[in-house]
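Reader: Before we begin, could you set out the conventions you use, and then take me through the fold, the core and a few individual residues?

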Amino acid sequence: MSDDLAVHGALYRALIASGPLADLVGRRIWDEVPEADDNRPQTMPFVVLADSSSRNLTAGAINCGAMTEVDTEILVFSKPSQKGTGQGSDEAKRIVAAIRAAVGDDATLTAPGWTFCLQRWLNTAYRRTEDGRTYTATVTVRTRIQPGD
């Protein structure tokens with residue numbers, strides 16, 4: 001299994017295992033935004049384990065073990081705001097807090113054959129979508145991983 005797949009799988013398992021996150025989004029944690037149409041509207045809120053980028057931290061090093069750093073974006077989609085319901089931006093912020101607790105600073109991630117050396121929350125950006133009502137958040141986490149037992 002590649003380092004990118006190991007990180008992706010570990011993050012996904014940690015998100016699915018999070019009770020506080022499940023209380024907010026149920027089992028709606030996906031690898032891509034689900035299609036919606038007139039017969040099956042999108043159910044919000046939901047979380048998408050989205051894009052990632054990786055860097056070789058040991059390129060050119062002599063007598064050093066291999067280590068890769070992977071930055072992963074986790075997207076949050078929250079229901080349109082309805083006054084007094086706690087939906088929209090408040091809901092998105094509660095979901096982000098649950099994500100940060102599950103996969104942020106010092107979270108314990110595992111994957112067979114890999115050692116996770118660092119897990120950090122980097123940043124979060126909140127935005128309103130083009131409809132002017134639905135909120136999104138992008139949470140970026142950083143993982144350092146190396147081959148292990």
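Author: Accessible areas come from the Shrake-Rupley method with a 1.4 Å probe, and for residues only the protein chains shown count as cover. This is a predicted model, in which local features need pLDDT of at least 70 and side-chain atom pairs count only at pLDDT 80 or more, whereas totals for chains, interfaces and linings use all residues. Residues are numbered from 1 along each chain as its sequence is written, and side-chain values use heavy atoms, with hydrogens and water left out.

Reader: How much area does the protein expose, and what percentage of it do carbon and sulfur atoms supply?

Author: The exposed area of the protein is about 8400 Å². Of this area, the part supplied by carbon and sulfur atoms is 47%.

Reader: What is the average pLDDT, and which element has the highest mean?

Author: The pLDDT, which is the predictor's confidence in each residue from 0 to 100, averages 88 over the protein, and 87% of the residues score at least 70. Among the elements, strand β1 (residues 29–30) has the lowest mean, at 92, while the highest, at 96, belongs to α2.

Reader: Which pattern do the helices and strands follow along the sequence?

Author: Helices (H or I, at least four residues) and strands (E, at least two) are DSSP runs numbered from the N terminus. By that assignment the protein has three helices and five strands. Read along the sequence, they follow the pattern α-α-β-β-β-α-β-β.

Reader: What span should α1 have at 1.5 Å a residue?

Author: The expected span of a helix is 1.5 Å times one less than its number of residues. For the 15 residues of α1 the end C-alpha atoms are 21 Å apart, which agrees with the expected 21 Å.

Reader: Which residues of α1 are buried?

Author: Buried means under 20% relative accessible area, exposed over 50% and partly exposed in between, with a 1.4 Å probe and protein chains only. An α-helix has 3.6 residues a turn, so residues three or four places apart point the same way. In α1 the buried residues are D3, A6, V7, G9, A10, L11, A14 and L15.

Reader: Which element gives the most residues to the largest nonpolar core?

Author: A nonpolar core is a set of buried Ala, Val, Leu, Ile, Met, Phe, Trp, Tyr and Cys residues joined through side-chain atoms within 4.5 Å. The largest has 30 residues, and those with the most contacts inside it are L15, L21, V47, I74, I99 and V103. At least two residues of this core come from each of α1, α2, β2, β3, α3, β4 and β5. The element that gives the most, with seven residues, is α3.

Reader: Which residues does I74 contact, leaving aside neighbours within four places in sequence?

Author: Contact means heavy atoms within 4.5 Å. With those neighbours left aside, I74 is in contact with L15, V47, V48, L49, I99, V103, A137, T138, V139 and V141.

Reader: Is D71 buried or exposed, and which side chains make polar contacts with the side chain of D71?

Author: D71 lies in strand β3 and is buried, because its relative accessible area is 13%. A polar contact is a pair of N or O atoms within 3.5 Å; within protein, one must be able to donate a hydrogen and the other to accept it, and residues adjacent in sequence count only if both atoms are side-chain atoms. The side chain of D71 has one such contact of 2.8 Å with R55 and another of 2.7 Å with R142.

Reader: Which side chain does a polar contact of 2.5 Å join to that of S78?

Author: S78 also lies in strand β3 and counts as buried because its relative accessibility is 0%. Not counting residues up to four places away in sequence, S78 touches M44, P45, G88, E91, A92, T134 and Y135. The polar contact of 2.5 Å joins the side chain of S78 to that of E91.

Reader: Which peptide bond is cis?

Author: P45 lies in the loop between β1 and β2. The cis bond, with omega near 0 degrees, runs from M44 to P45.

Reader: Which residue has a positive phi although it is not a glycine?

Author: The residue is in the loop between α3 and β4, and its relative accessible area of 57% is why it counts as exposed. With a phi of about 60 degrees, this residue is D106.
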